[in-house]
Amino acid sequence: MRGGGCPRGGAHRYLGEETNIVSNGLLLRADVHTLFDLKLVGVDTSTMQICVAPMLAASCYWELSGRGLATPSSERYAVDLVQLDKHRRQCLW
């Protein structure tokens, strides 16, 4: 996700030291990271676009819906699609 000078944090599915790897994380703005953790924002891996929970439709976060994730500079930094799919399935909307 591209953003201006906003604070950023890494969102990841941390399940112990073995999951603390680059492919298991996304660099997100701090506020979007919180929404990701709350399962209110996810990623559709078929399009690599951001999905936003309908309950946020009246908020400023709705404009993120459908925006594409930035492509990493190297394939070795690519996000793990399996983990993104797991997260998206946990979003109950």
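Two strands count as paired here if DSSP finds at least two bridges between them. With that in hand, take β3 (residues 41-44) and β4 (residues 49-52): they pair in the antiparallel sense over four bridges. Keep in mind that this is a predicted model. The rundown below goes from the hairpin to the core, then on to the cysteines and the charged side chains.

**The β3/β4 hairpin**

- V41 sits opposite V52, which belongs to β4.
- Between the two strands of this hairpin come four residues, and M48 takes a positive phi near 60° there.
- M48 is not a glycine, yet its phi is positive.
- The place of M48 is the loop that links β3 to β4.
- Is M48 buried, partly exposed or exposed? M48 counts as partly exposed, because its relative accessibility is 25%.

**Another positive phi, at K39**

- K39 also has a positive phi without being a glycine, with a value near 65°.
- You'll find K39 in the loop that runs from α1 (30-37) to β3.
- The relative accessible area of K39 is 26%, so K39 goes down as partly exposed.

**The nonpolar core**

- As a bit of background, nonpolar side chains in soluble globular proteins tend to be buried together.
- In this model, the largest nonpolar core has 16 residues.
- The residues with the most contacts inside that core are L26, V32, L35, I50, L56, Y61 and L64.
- β2 (25-29), α1, β3 and β4 each put at least two residues into this core.
- Which element gives the largest share of this core? That's α1, with three residues.
- Don't go looking for aromatic pairs: the structure holds zero of them.

**Cysteines**

- How many disulfides does the structure hold? The count is zero.
- For C51, the closest cysteine sulfur is the one in C91, and no bond is possible because the two sulfurs are 7.9 Å apart, which is too far. The cut-off for a disulfide is 2.5 Å between the sulfur atoms.
- C51 is buried, since its relative accessible area is just 15%.
- C60, on the other hand, counts as exposed because its relative accessibility is 54%.

**Charged side chains**

- In general, side chains of opposite charge can pair when their charged atoms come close.
- The structure holds one salt bridge.
- The partners are R29 and D31, whose side chains meet at 3.1 Å, N to O.
- R29 is buried, given its relative accessible area of 16%.
- D31 has 28% relative accessibility, so D31 counts as partly exposed.
- What lies over the face of W93? R88 does, at 4.0 Å from the ring centre.

**A contact across the sequence**

- D37 is part of helix α1.
- With 43% relative accessibility, D37 counts as partly exposed.
- D37 and C91 are 54 residues apart in sequence, while their C-alpha atoms are 10.0 Å apart in space.
- C91 has come up already, as the holder of the cysteine sulfur closest to that of C51.

Notes: Residues numbered from 1 in each chain as written. Predicted model: local features only at pLDDT ≥ 70, side-chain atom pairs only at ≥ 80, totals over all residues. Heavy atoms only, no water. Buried < 20%, exposed > 50% of the residue type's maximum accessible area, 1.4 Å probe, protein only. Core = buried A, V, L, I, M, F, W, Y, C linked by side-chain atoms within 4.5 Å. Salt bridge = Lys/Arg side-chain N within 4 Å of Asp/Glu carboxyl O. Phe/Tyr/Trp six-rings, centres within 6.5 Å; stacked < 30°, edge-to-face > 60°. Lys NZ or Arg CZ within 6 Å of the ring centre and 35° of its normal.
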